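Work through the following exercises with the sequence and the coordinates side by side. Each task is followed by a solution that proceeds in steps.

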Amino acid sequence: MTTDNDAAIQQWNTLPRAALEAMEPDGDFAKRHLINPVVLRMLGNVTDRRILDAGCGHGYLSRMLAERGAKVTGVEPTNTMFSYAQEKETTLQHGIHYVRADLTHLPDLGHFDAVVCNMVLLAIPDWKPAMHTCIQSLTPGGLFIFSITHPAFEQLRTTWQTHNEYRLNRYLEEYEIPNPTAPDYHRPISTYLNELTTHGCRLLELAEPGLDPELARERQSEDPGLEGYVHLPNFMIVAAERL
């Protein structure tokens, strides 16, 4: 990898405020229709449960969880997104405790009933310490949920637009995926799941959500390639229990 964690944080720190505002109140299109419903289902009833939103970004998921009765702590390393989340908390008064910190070097925040790491691990160059701290933040029997772009279908929309099918010619090695703000990092599915077992977790569920066909048809003219989301999973959500 050519980028270290500090450099990646600085790159994400350049995300413009307009991009954060565009994701209100419940994230972008993919989060609203593919990721959020699965994460919320996996969590179940969150009333009075202590939940760590690990790598909370601008805080949309923290706010959704707090509105459902959870006691939420959000951790975010970038000043831009942390400040935005704090600003929203000042206005909305959800009772969310935000901490500016790198997931690989968490302060002592106590233990949580659940930790959600939503579209974060794939953006961290040296990601294993982040998974370790997330799991160590759980009480025994606590739930760890993480979502990533599906490693087998990372370029789904762009290749579907070009070929009307998905094409892949690299999978087993790890590599950077260029993005406008900061790169993501491809790793095989087995890399993530094997790391879970290293830290004493039991896999509960692996979800690969597909897009509702009717919604894809409605948006096809404005979102070419969206049909691919009906047939193949662009995201992967994992739930595991700390033993």
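**Exercise 1. Describe the secondary-structure content of residues 52–146 and the separation of the end C-alpha atoms.**

Solution. In this predicted model, the chain over residues 52–146 is 33% helix and 28% strand, and the C-alpha atoms at the two ends of that stretch are 12 Å apart. The stretch is taken from a record: UniProt, in an unreviewed entry, places the feature "domain: Methyltransferase type" at residues 52–146.

**Exercise 2. Determine which residues of helix α5 are buried, and how they are arranged around the helix axis.**

Solution. Begin with the length of the helix: α5 covers residues 79–92, and its 14 residues reach 20 Å from the first C-alpha to the last, close to the 20 Å expected at 1.5 Å a residue. Next, list the buried residues of α5, which are M81, F82, Y84, A85 and E89. Viewed down the axis of α5, these buried residues fall within an arc of 160°, and therefore they line one face of the helix. The general background is that an α-helix has 3.6 residues a turn, so residues three or four places apart point the same way. On the other side of α5, T90 and T91 are exposed. Then ask what covers the buried residues: the cover includes α1 (5–12), α2 (17–21), α4 (60–67) and β3 (97–99). Finally, follow the chain just past α5, where Q93 takes a positive phi of about 55°.

**Exercise 3. Establish whether R63 is buried or exposed, and identify what it touches.**

Solution. R63 is found in helix α4, and its relative accessible area of 4% makes it buried. Leaving out residues up to four places away in sequence, R63 touches E24, H58, Y84, A85, K88, L92, H94, I96 and Y98. One of these partners, E24, is joined to P25 by a cis peptide bond with omega of about -5°, and P25 lies in the loop between α2 and α3.

**Exercise 4. Locate the residues with the most contacts inside the largest nonpolar core, and trace the surroundings of F144 and L138.**

Solution. The largest nonpolar core has 73 residues, and those with the most contacts inside it are L43, L103, F144 and F146. Helix α3 (residues 29–43) gives the most to this core, with 9 residues. Apart from it lies another core, of 5 residues, which includes L15, L20, M23 and Y84.

Turn now to F144, which, when neighbours within four places in sequence are set aside, is in contact with V115, C117, M131, C134, I135, L138, L196, V238, A239 and A240. Among these partners, M131, C134 and I135 also belong to the buried residues of helix α6 (residues 128–136), which are A130, M131, T133, C134 and I135. The buried residues of α6 pack against β1 (50–54), β4 (112–118), β5 (138–149), α8 (189–198), β8 (201–207) and β9 (235–242).

L138, another partner of F144, is placed in strand β5 and is buried, with a relative accessible area of 0%. The C-alpha atoms of L138 and F112 are separated by 4.8 Å, although the two residues are 26 apart along the chain. Beyond four places in sequence, L138 touches H111, F112, D113, A114, V115, L143, F144 and R242.

**Exercise 5. How many aromatic pairs does a search of the whole structure find, and what is the geometry of the rings of W127 and Y192?**

Solution. The search finds 4 aromatic pairs. For W127 and Y192, the ring centres are 4.8 Å apart and the planes stand at 50°, so the pair is tilted. Because W127 lies in the loop between β4 and α6 and Y192 in helix α8, the pair ties together parts that are 65 residues apart in sequence. Both count as buried, W127 at 3% relative accessibility and Y192 at 1%. As a last step, note that W127, F144, F146 and Y192 form one aromatic cluster.

**Exercise 6. Compare the settings of M119 and N164, and decide whether each is buried or exposed.**

Solution. M119, not a glycine, has a positive phi of about 60°, and phi of N164, a residue other than glycine, is positive and near 60°. M119 is in the loop between β4 and α6, whereas N164 is in the loop between α7 and β6. At 19% relative accessibility M119 counts as buried, while N164, at 53%, counts as exposed.

Methods
Residues are numbered from 1 along each chain as its sequence is written. This is a predicted model: local features need pLDDT of at least 70, side-chain atom pairs count only at pLDDT 80 or more; totals for chains, interfaces and linings use all residues. Side-chain values use heavy atoms; hydrogens and water are left out. Helices (H or I, at least four residues) and strands (E, at least two) are DSSP runs, numbered from the N terminus. The expected span of a helix is 1.5 Å times one less than its number of residues. Buried means under 20% relative accessible area, exposed over 50%, partly exposed in between (1.4 Å probe, protein chains only). The arc is that of the directions from the helix axis to the C-beta atoms. Contact means heavy atoms within 4.5 Å. A nonpolar core is a set of buried Ala, Val, Leu, Ile, Met, Phe, Trp, Tyr and Cys residues joined through side-chain atoms within 4.5 Å. UniProt positions are given in the numbering used here, feature names are shortened, and annotations may be inferred rather than shown by experiment. Rings of Phe, Tyr and Trp (its six-membered ring) pair if their centres lie within 6.5 Å; planes under 30 degrees apart count as stacked, over 60 as edge-to-face and the rest as tilted.
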